[in-house]
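Please open the structure in your viewer and keep the selection tool at hand, as this short tour moves from one site to another and says at each stop what to select.

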Amino acid sequence: MAQTLTLLGLESSCDDTGAAVVRQAQGARAEILSNVVIGQETLHAAFGGVVPEIAARAHAEKIDVAVERALADAGLTLRDMDAVAVTAGPGLIGGVLAGVMCAKGLAAGAGLPLVGVNHLAGHALTPRLTDGLPFPYLLLLVSGGHCQFLRVGGVDDYIRLGGTIDDAPGEAFDKVARLLGLPQPGGPAVEGAARSGDPARFAFPRPMLDRPGCDLSFSGLKTAVLRARDRLAAAQGGLYAADRADLCAGFQAAVADVLAEKTRRALAAAGPGLRALAVAGGVAANGALRDRLAGVAAAAGVAFNAPPLRLCTDNAAMIAFAGLESFRAGQRDGMDLAARPRWPLDTASPALVGSGRKGPKS
Ligand code: KG4
Ligand code: ZN
């Protein structure tokens, strides 16, 4: 299909309502014409985590607003679209349903093809949206709901080399922030506090490094921070700012150590011919982690790719782009497109145990 394609993309699988327009001429770099994200942080703040029912209702209320804004920002109308792409899973099912229903309505009303997108494919293909990265590459997806290594060999070719067996790292950052009285989302707060901390003061564990393979675990690390906090509180009657900084620095260093070593192994396991190590998901915003991963990539002799922060976190541009690549490859969905709470990208790998705060970690 040698043509320029313009797609509207919708995202509503967690706590960000997104709509975006992406255009790509065949063989050229894609262009983001608009990318609207309506966050729900204030709605969930009082609950210390995402409440699925509140999220679903907010998506249903805001998704059409996001679509209108995305089209207006792009200076286009539905008539200018070649298809409508929508996250059809995995995620919090009420939100996914809100997006899928909206996309079906738009597609049916405007006579456009519909393309169901796996949210994880959206993250996985982002380095192609931002930098036109050629296949194959290794992707480390690290967010509040996901943690996995994927060998990305094509638009629909994913091999899962390992992942978390319990919490996702973003979830661990958020829990550690809560333990220490820092604001949510915890990642930026913990990273900020860690800047003035001593990473060596607390000897936190490096979970699963003693085991072969690329699987990871973060829940024990969070418990180790809890114990250290309680020991300090018992000994001195509370925490000083320097204690918080040291706890954050120690925790962040442990996460970075574990992710760096497992990434080194995943690069070796991904086989020859890899073009790059790419990182995506909200935790990829972490500067300390980025530096470590860049070092691992350099040591393995592959390029390192980290998308700009606003495209690392959940957004609809990645869904529009993944939909565009799938559409070009021939994917079309009907009005029977299902919303799926779980949807592993690599169906050949065994399912993961556990379910994240923000939905299933497929
Ligand atoms: O990808 P994302 O926006 O949403 C999903 O979870 O799908 O990722 C959000 C997660 C939160 O857990 C947040 O604490 C974490 O990414 N995060 C960070 C940083 N910025 C965001 N974690 C560590 N360091 C950061 N600078
Ligand atoms: Zn995500």
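Begin with glycine 187, where a polar backbone atom lies 2.9 Å from an oxygen atom of ligand 1; bear in mind throughout that the model is predicted. Next select glycine 145, which places a polar backbone atom 3.3 Å from an oxygen atom of ligand 1, and then asparagine 286, whose side chain has a polar atom 3.0 Å from a nitrogen atom of the ligand. With ligand 1 shown together with its surroundings, note that the protein covers 92% of the 550 Å² of accessible area that the ligand has on its own.

Now widen the selection to the shell around ligand 1, which holds 20 residues, the closest being Gly144, Asp174, Gly187, Glu191 and Gly282. Two elements each give two or more residues to this shell, namely helix H5 (169-179) and helix H6 (186-194), and H6 gives the most, with four residues. Coloured by class, the shell divides into five nonpolar, 10 polar and five charged residues.

Leave the ligand and turn to the second largest pocket, whose volume is about 290 Å³. To find its centre, select Asn118, Val155, Asp156, Gln331 and Trp343, which lie nearest to that centre among the 15 lining residues. Strand E5 (114-118), helix H4 (119-131) and helix H11 (317-328) each supply at least two residues of the lining, with the largest share, three residues, coming from E5. Colouring this lining by class as well shows nine nonpolar, five polar and one charged residues.

Key:
Residues are numbered from 1 along each chain as its sequence is written. Chains are lettered from A and ligands numbered from 1 in the order in which they are written. This is a predicted model: local features need pLDDT of at least 70, side-chain atom pairs count only at pLDDT 80 or more; totals for chains, interfaces and linings use all residues. Side-chain values use heavy atoms; hydrogens and water are left out. On a 1 Å grid over the protein atoms alone, a cavity is a set of points where a 1.4 Å probe fits but cannot get out, and a pocket is an open set with protein on both sides within 12 Å along at least five of seven lines; lining residues have an atom within 4 Å of a point. Grid points are joined across faces, edges and corners, and a volume is the space filled by probe spheres set on the points. Ala, Val, Leu, Ile, Met, Phe, Trp, Tyr, Cys and Pro count as nonpolar, Asp, Glu, Lys and Arg as charged, and the others, Gly among them, as polar. A residue is near a molecule or strand if one of its heavy atoms lies within 4 Å of it. A polar contact is a pair of N or O atoms within 3.5 Å; within protein, one must be able to donate a hydrogen and the other to accept it, and residues adjacent in sequence count only if both atoms are side-chain atoms. Accessible areas come from the Shrake-Rupley method with a 1.4 Å probe; for residues, only the protein chains shown count as cover.
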